[in-house]
Amino acid sequence: MLSLWVLSDCVPCLFQFPVQAVECCLSAIVPCDDDWSPDAADLLCRLSDSKTLVLEVRGVSSASMTAGLRYDVDLFDTTGDDDINLAEQLIDAGVAFFSTTMTNLQELRIEDAKNHYEIN
């Protein structure tokens, strides 16, 4: 298994294919440092590994890494008696903090996103 930090740039010709994934980010949190740390990535992997998570869309904005839309989401682990918000776990671990001001691009309506991706 490769480390999350052993990544390469995508070959430009691959951008001509239809989107195979939807760009998302955890809603209302930002990393404690300038960028997400390896500890934050490892914790998120441990919190989500081999679990079925529930996703709740909080907002939609223009994507920063793909040509589509980016969804600001909350992720919940609902496998136990109590639902666990993964963003809150990152905050509690000291690798992220709550942010009420997101520096994302212009927000779009959820209906626009549904039309864009033909979600029913």
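## Strand β4 and its surroundings

Strand β1 (residues 23-26) and β4 run parallel and are joined by four bridges. Helices (H or I, at least four residues) and strands (E, at least two) are DSSP runs, numbered from the N terminus, and two strands pair if DSSP finds at least two bridges between them. The model is predicted: local features need pLDDT of at least 70, side-chain atom pairs count only at pLDDT 80 or more, and totals for chains, interfaces and linings use all residues. Residues are numbered from 1 along each chain as its sequence is written, and side-chain values use heavy atoms, with hydrogens and water left out.

**Pairing of β4.** Strand β4 also pairs with β3 and β5, as the table lists.

| Partner of β4 | Sense | Bridges | One bridge pair |
|---|---|---|---|
| β1 (residues 23-26) | parallel | four | Cys-24 with Tyr-71 |
| β3 (residues 53-62) | antiparallel | nine | Leu-53 with Asp-77 |
| β5 (residues 84-85) | antiparallel | two | Asp-77 with Ile-84 |

The connection from β4 to β5 is a hairpin of six residues.

**Burial of β4.** Nine of the nine residues of β4 are buried (under 20% relative accessible area; exposed is over 50%, partly exposed in between, with a 1.4 Å probe and protein chains only). Leu-69, Tyr-71, Val-73, Leu-75 and Asp-77 point one way, while Arg-70, Asp-72, Asp-74 and Phe-76 point the other way.

**Helix α1 and its start.** The buried residues of α1 are Ala-40, Ala-41, Leu-43 and Leu-47. Seen down the axis of α1, they fall within an arc of 165°, so they line one face of the helix; the arc is that of the directions from the helix axis to the C-beta atoms. Among the elements covering these buried residues are β4 (69-77) and α2.

Ser-37 sits in the loop between β2 (29-31) and α1 (38-48). Ser-37 is buried, at a relative accessible area of 16%, and its side chain reaches the backbone nitrogen of Ala-40 at 3.0 Å. Just after α1, Ser-50 has a positive phi of about 60°.

**Confidence.** The mean pLDDT (the predictor's confidence in each residue, from 0 to 100) of the protein is 79, and 77% of its residues reach 70 or more. Helix α2 (residues 86-92) has the highest mean among the elements, 96, and strand β7 (residues 107-108) the lowest, 42. Over residues 103-110 pLDDT stays under 50, and the model has 17 contacts beyond four places in sequence for them (heavy atoms within 4.5 Å). Where pLDDT is low, the predicted coordinates should not be read in detail.

Conventions
Polar contact = N/O pair within 3.5 Å; in protein donor to acceptor, adjacent residues only side chain to side chain.
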